[in-house]
Amino acid sequence: QVQVVESGGGLVQAGGALTVSCKATGRFLSINAMSWYRQAPGKQRELVAEITDDSATNYAESVKGRFTISRDNGNTVTLTMNSLKPEDTAVYYCRAEARTTFFNQIISPWGQGTQVTVSS
């Protein structure tokens with residue numbers, strides 16, 4: 001079993017900054033890519049940023065230059081969000097791609113999500 005737990009988020013005024021973190025725990029051989037998605041009310045879930053096990057990163061165009069994804073020991077990822085805009089308001093979800101001990105199966109569990117609200 002692999003669990004993904006997010007923390008952080010909250011309410012901030014436009015132009016402010018917030019940080020959300022995510023940790024993968026449980027039994028696994030390795031964590032490959034970790035990523036952050038978001039889902040605003042009435043919209044589809046979209047990729048915000050991702051980071052691979054060799055620290056290659058990818059960002060949505062809408063957050064480039066404002067958000068930074070980083071990874072520490074391999075199982076924890078942080079999304080630092082600067083210059084926040086009201087349109088960044090959403091539930092932010094973390095996802096971890098894990099290689100499990102069950103015949104090296106790859107699974108990609110989601111976290112429960114954390115709310116980020118940016119007021120204008």
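Hi everyone. Let me begin with a definition: two strands count as paired if DSSP finds at least two bridges between them. With that in mind, strand 3, which covers residues 18-26, is joined to strand 8 by 6 bridges, and the two run antiparallel. Please keep in mind throughout that this is a predicted model.

Let's step back to the sheet that holds this pair. It is an open sheet of 4 strands, in the order 1-3-8-7, with antiparallel pairing. Which strands sit at the edges? Strand 1, residues 2-8, and strand 7, residues 67-71, since each of them pairs on one side only. From one strand to the next, the twist averages 15 degrees. As general background, strands of a sheet pair through backbone hydrogen bonds, and the pairing can be parallel or antiparallel.

Now come with me to strand 8, residues 76-81. Strand 8 pairs with strand 7 in the antiparallel sense, over 5 bridges. If you want to find this pairing on screen, look for threonine 68, which stands opposite threonine 80 in strand 8. You can also look for phenylalanine 67, whose bridge partner in strand 8 is methionine 81. Strands 7 and 8 form a hairpin, with 4 residues between them. In that turn, glycine 74 has a positive phi of about 105 degrees.

Is strand 8 largely enclosed or largely open? A residue is called buried when its relative accessible area is under 20%. For strand 8, 5 of the 6 residues are buried, so the strand is largely enclosed by the rest of the structure.

Back to strand 3, and to one residue I'd like you to remember: cysteine 22. Across the pairing, cysteine 22 stands opposite valine 77 in strand 8. Cysteine 22 also takes part in a disulfide. Which residue is at the other end? That is cysteine 94, with an S to S distance of 2.0 Å. The link connects distant parts of the chain, with cysteine 22 in strand 3 and cysteine 94 in strand 9, residues 90-99, the two cysteines being 72 residues apart. The count for the model comes to 1 disulfide.

What about its handedness? The torsion about the S-S bond is about -80 degrees, so this disulfide is left-handed. And are the two cysteines buried or exposed? Cysteine 22 has 1% relative accessibility and therefore counts as buried, and cysteine 94 is buried as well, at 0%.

So, for your own look at the model, try starting from cysteine 22: follow the disulfide to cysteine 94, then go across to valine 77 in strand 8. Thanks for listening!

Technical notes: Residues are numbered from 1 along each chain as its sequence is written. This is a predicted model: local features need pLDDT of at least 70, side-chain atom pairs count only at pLDDT 80 or more; totals for chains, interfaces and linings use all residues. Side-chain values use heavy atoms; hydrogens and water are left out. Axes are lines fitted to C-alpha atoms, for helices over the stretch in contact, and angles run from 0 to 180 degrees between N-to-C directions. Buried means under 20% relative accessible area, exposed over 50%, partly exposed in between (1.4 Å probe, protein chains only). A disulfide is a pair of cysteine sulfur atoms within 2.5 Å.
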